[in-house]
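Q: Got a minute to go through this one with me? I'd like to start with the cavities.
A: Sure. Put it up.

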Amino acid sequence: MSVDGHKPSTWAAWGKSAGRGIPHPLLCHVVDTANVASRLFDLVLGPRSRDELRNAFSVLGDAVGWIALLCGLHDLGKYSPTFQALHVDLAEQRFGEIAEADLRRVQRQRGLPRLDTPHGLVTALHMKDMLLGWGAESSVAERIAVALGGHHGHFPAGQELVQTRAQVNNHGGARWKAWRDDLVDAVIKARGLPDARTLPWNELRLSTTAAVALAGLTTASDWIASVERNFPSPEDEADFDDYLRSSGARAVKAVDGLDLQPWEPPKDTSFVALFAAAPRPVQAVIERLVQGRTEPTMLVVEAPTGEGKSKGALQAIATLVSGLGLAGGYIGMPTQATSHQVLGEFETMLTHLGDSTAVRLIHSNAKEFLDSKAATPTEVGPDHPEDSDVAAQEWFTRKRSLLSPLGVGTVDQVLKAAIRSGHVFVRLAALSNKVVVIDEVHAYDTYMSTLLDRLLMWLGRMGVSVLLLSATLPSRRREELTAAWRAGMLDCVPGGVSALPSSTAYPRVTMVGSGTSVVESTGVSELNRERSVQLEWVDDDDIVNWALKRAAGGESVAIVHNLVNRATTTSDALRTRIATLPASKRPQLITITGQLADGHRRTVETDLRAAFGPGGSRPKRGAIVVGTQVLEQSLDLDFDAMLTDMAPIDSLIQRAGRVHRHDRDKGRGTLTLAITGVTDTPAGPVFPPYLTNIYQPMVLLRTWALLRRKKKLISPDEVPVLIDAVYGPSEAVECPPGWEQAWQRAHERLNRAHAKDTHDARLMYLPLPVATHRLADMTVRPQNPSKTRKSRYR
């Protein structure tokens with residue numbers, strides 16, 4: 001019998017016959033899960049997690065054997081009256097008169113809600129007592145017990161175990177405890193392990209990282225071993241020894257069928273070998289710094305758009321995976337569109353190498369995107385909510401998600417691993433064996449940045465190598481990011497790590513590990529060398545005229561608005577004016593926003609790449625592309641000129657990077673960035689009301705104070721100076737005379753917003769790894785893991 005393709009959730013046990021004669025299904029599931037765990041140990045867990053877990057249990061002899069056994073015992077709590085009585089008639093047939101009274105006492109009454117003690121709590125209670133009986137220290141016994149008992153997503157708290165102990169009718173008291181002990185003894189003997197009572201459990205110590213690894217391994221193994229098609233329930237007359245022998249082979253087949261085998265990069269992971277092209281300056285520095293690394297590493301790469309940071313990250317992934325013995329990598333992008341773009345780069349690289357390894361796309365609309373490219377529907381798709389065990393099983397067995405060796409998706413998928421939520425330990429375990437890349441780290445607000453800092457602490461603690469990419473990163477933020485990861489790496493608080501070497505260079509690559517940190521300046525390619533961006537100021541009423549005038553000369557121009565309705569209004573006005581022009585002089589008009597229907601947006605993105613992407617064929621009559629921030633970050637496009645709404649300095653620099661991005665031919669004219677949406681007055685600039693609902697007024701004021709009298713912006717030389725001024729200490733930009741009141745109000749608002757966003761994120765995130773002494777603190781007061789950002793990109 002099976003339910004939805006999985007083994008029944010209410011197995012009836014076979015009493016004291018465990019291990020002798022006919023096996024009961026629970027015993028078989030223990031064996032199956034243990035065999036799967038043995039197979040998964042090296043595939044899922046990263047080197048540091050794996051080593052800490054193996055070293056902890058090495059005092060017992062066969063470390064992996066005991067780890068796998070413990071994983072198998074996760075459902076031990078089902079061997080109790082409260083669980084077996086869910087199907088009381090079947091249980092009475094199996095247990096007989098000796099247990100009838102126990103079962104009837106806790107039988108669920110028809111029409112009443114289910115009140116039985118969750119079997120995970122019974123598992124945790126029994127495991128703690130049993131481990132104490134074997135000689136384990138109390139803290140170690142509880143940590144192991146909680147790791148196993150939390151396999152349905154939430155770690156039991158100490159008070160829950162106290163309450164469970166008092167519910168004798170539910171766990172069955174001494175009689176059922178003895179039966180559970182018999183089952184454990186039987187499976188220990190069946191797996192060829194020595195009597196647990198003869199081993200030095202008192203010497204075992206288990207770190208938080210090792211406990212998280214044990215919990216993640218347990219749950220993943222349970223999900224695989226619960227799939228009926230891989231592990232069919234035995235016939236009543238089955239021989240246990242035969243089942244034991246065949247279970248190992250089934251476990252190998254089940255795990256191998258999930259495509260979890262580590263990615264094997266080529267022996268030569270140089271940039272030239274991977275891409276058949278010479279590296280650009282930034283890429284060359286990345287390649288040199290990661291070459292020969294033998295320990296977890298963080299790189300922070302700061303360089304202008306167009307310098308190939310994504311390809312540099314791919315080369316670093318290949319080198320670190322090969323050098324550190326990892327399974328693969330995950331690249332987290334700010335938007336779905338950018339993840340589609342990087343997915344293409346990743347797949348192109350693998351195709352060039354003749355490598356058929358699949359790269360999984362992981363975000364909320366991944367299946368729809370891939371189905372739009374394929375002739376038949378694909379099994380790859382988004383994560384499912386982990387608020388039920390059935391959903392969790394489906395999340396793993398059908399989607400695999402972060403457990404897949406190679407993945408590309410949104411940054412949200414990794415930020416979920418920083419939020420107290422069901423099965424967060426599975427996410428952490430899945431990331432532990434990868435290189436994690438996070439792009440556009442400058443683009444995240446205080447809320448997301450606070451979550452990111454906490455994630456980096458946990459990744460550092462697990463020894464996960466990380467690459468952070470940005471075009472415009474304030475120096476203070478670079479310090480915070482590296483301190484967070486290194487604090488985890490060194491198992492301390494962020495204030496306990498040494499400061500980075502001082503550097504005003506740009507572009508630059510920062511490398512940190514357990515030892516000395518390195519900051520190296522890099523050159524830029526000819527494309528980005530001494531880019532002189534001419535700044536213009538355009539009134540809102542002149543936007544349409546500005547765009548039509550540029551397009552009339554055959555130029556392809558972009559208009560970036562901060563709101564969808566502004567983009568729509570401008571597009572409608574342009575469409576009306578274009579309709580009055582002779583057919584031979586009508587420029588092509590394209591509109592793209594984050595609110596387009598998915599299918600239509602994919603079509604628009606394809607058209608944009610074909611016209612304005614690398615090697616694109618531009619419309620001869622000129623073109624005007626109107627969009628929102630998706631043009632700032634989501635697509636690798638190149639325009640002749642751009643008009644943008646007023647925005648923070650980093651966004652303006654990022655947007656300017658979409659002009660003359662692929663080609664700096666002098667015939668294209670002056671690189672121009674026109675800015676609209678701001679009116680200068682003696683009392684300070686006046687911004688449209690909507691603008692300060694999107695961006696902090698203080699950031700806008702500082703940006704305007706620096707740019708209002710500038711005619712040109714020289715990139716890359718001026719980029720770090722401008723960024724650090726806008727986002728640096730309060731005295732970094734002097735308040736212009738007459739702006740004092742507006743400046744003070746904006747400063748106070750910024751402080752309030754920062755405090756609120758930080759507070760909101762703290763309500764969500766995991767405790768510090770160095771301060772996590774109770775696993776229950778990782779899932780207590782669980783939050784919605786989808787709340788990774790305050791608002792979506794427009």
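Q: Before the cavities, what counts as one here, and what counts as lining?
A: A cavity is a set of grid points where a 1.4 Å probe fits but cannot get out. Lining residues have an atom within 4 Å of a point. Keep in mind that this is a predicted model.

Q: OK. How many cavities of 30 Å³ or more?
A: The count comes to 5.

Q: What volume does the largest cavity have?
A: About 140 Å³.

Q: Which residues lie nearest its centre?
A: Arg531, Ile653, Ala656, Gly657 and Ser715. The lining of the largest cavity has 13 residues in total.

Q: Which elements give two or more residues to that lining?
A: Strand E9 (531-537), helix H28 (649-656) and strand E15 (712-715).

Q: And how do the lining residues divide into nonpolar, polar and charged?
A: For the largest cavity, 8 are nonpolar, 4 polar and 1 charged.

Q: Staying with H28, how many of its residues are buried?
A: 8 of its 8, so to speak a mostly covered helix. Ile653 and Ala656 are among the buried ones, and both are also among the residues nearest the centre of the largest cavity.

Q: What about Ser715, what kind of peptide bond joins it to Pro716?
A: A cis one, with omega about 5°. Pro716 is in the loop between E15 and helix H31 (719-727).

Q: Just ahead of E9, what is phi of Glu530?
A: Near 50°, a positive value in a residue other than glycine. Glu530 lies in the loop between strand E8 (518-521) and E9.

Q: Is Glu530 buried or exposed?
A: Exposed, with a relative accessible area of 60%.

Q: Back to cavities. What lines the second largest one?
A: The list includes Glu479, Thr482, Ala483 and Arg486, plus Val497, Leu500 and Val512. The volume of the second largest cavity is about 50 Å³.

Q: Which helix gives the most to that lining?
A: Helix H23 (residues 475-490), with 4 residues. By type, the lining of the second largest cavity divides into 5 nonpolar, 3 polar and 2 charged.

Q: Where is Pro507 relative to H23?
A: Pro507 is in the loop between H23 and strand E7 (508-512). The peptide bond from Tyr506 to Pro507 is cis, with omega near -5°.

Q: New topic. How many aromatic pairs?
A: The structure holds 11.

Q: Take Trp66 and Trp134. Why is that pair edge-to-face?
A: The ring planes of Trp66 and Trp134 are at 70°, and over 60 counts as edge-to-face. Their centres are 6.3 Å apart.

Q: Where do the two sit in the chain?
A: Trp66 is in helix H3 (residues 63-72) and Trp134 in helix H7 (residues 119-134). They are 68 residues apart, so the pair links distant parts of the chain. Both Trp66 and Trp134 are buried.

Q: And how do the rings of Trp134 and Trp201 pair?
A: That pair is tilted, with planes at 45° and centres 5.1 Å apart. Trp201 is in the loop between helix H11 (173-190) and helix H12 (208-225), 67 residues from Trp134. Trp201 is buried, as is Trp134.

Q: Which residues make up the cluster, then?
A: Ring pairs link Trp66, Trp134 and Trp201 into a cluster.

Q: Which rings have a charged Arg end over them?
A: Tyr243 and Tyr765 are two such rings. The charged end of Arg250 sits over Tyr243, 4.5 Å from the ring centre. For Arg454 over Tyr765, the distance is 3.8 Å.

Q: Zooming out, how many helices and strands in the chain?
A: 32 helices and 15 strands.

Q: How does the radius of gyration of the chain sit against a compact globule?
A: It agrees: the chain has 30 Å, and a compact globule with 794 residues would be near 28 Å. The C-alpha trace spans about 90 × 55 × 55 Å along its principal axes.

Q: How much of the chain is buried?
A: Buried residues make up 60% of the 794 residues.

Notes: Residues are numbered from 1 along each chain as its sequence is written. This is a predicted model: local features need pLDDT of at least 70, side-chain atom pairs count only at pLDDT 80 or more; totals for chains, interfaces and linings use all residues. Side-chain values use heavy atoms; hydrogens and water are left out. Rings of Phe, Tyr and Trp (its six-membered ring) pair if their centres lie within 6.5 Å; planes under 30 degrees apart count as stacked, over 60 as edge-to-face and the rest as tilted. Buried means under 20% relative accessible area, exposed over 50%, partly exposed in between (1.4 Å probe, protein chains only). A charge sits over a ring if NZ of Lys or CZ of Arg is within 6 Å of the ring centre and within 35 degrees of the ring normal. On a 1 Å grid over the protein atoms alone, a cavity is a set of points where a 1.4 Å probe fits but cannot get out, and a pocket is an open set with protein on both sides within 12 Å along at least five of seven lines; lining residues have an atom within 4 Å of a point. Grid points are joined across faces, edges and corners, and a volume is the space filled by probe spheres set on the points. Ala, Val, Leu, Ile, Met, Phe, Trp, Tyr, Cys and Pro count as nonpolar, Asp, Glu, Lys and Arg as charged, and the others, Gly among them, as polar. The radius of gyration is taken over C-alpha atoms; the globule rule is 2.2 Å times the number of residues to the power 0.38.
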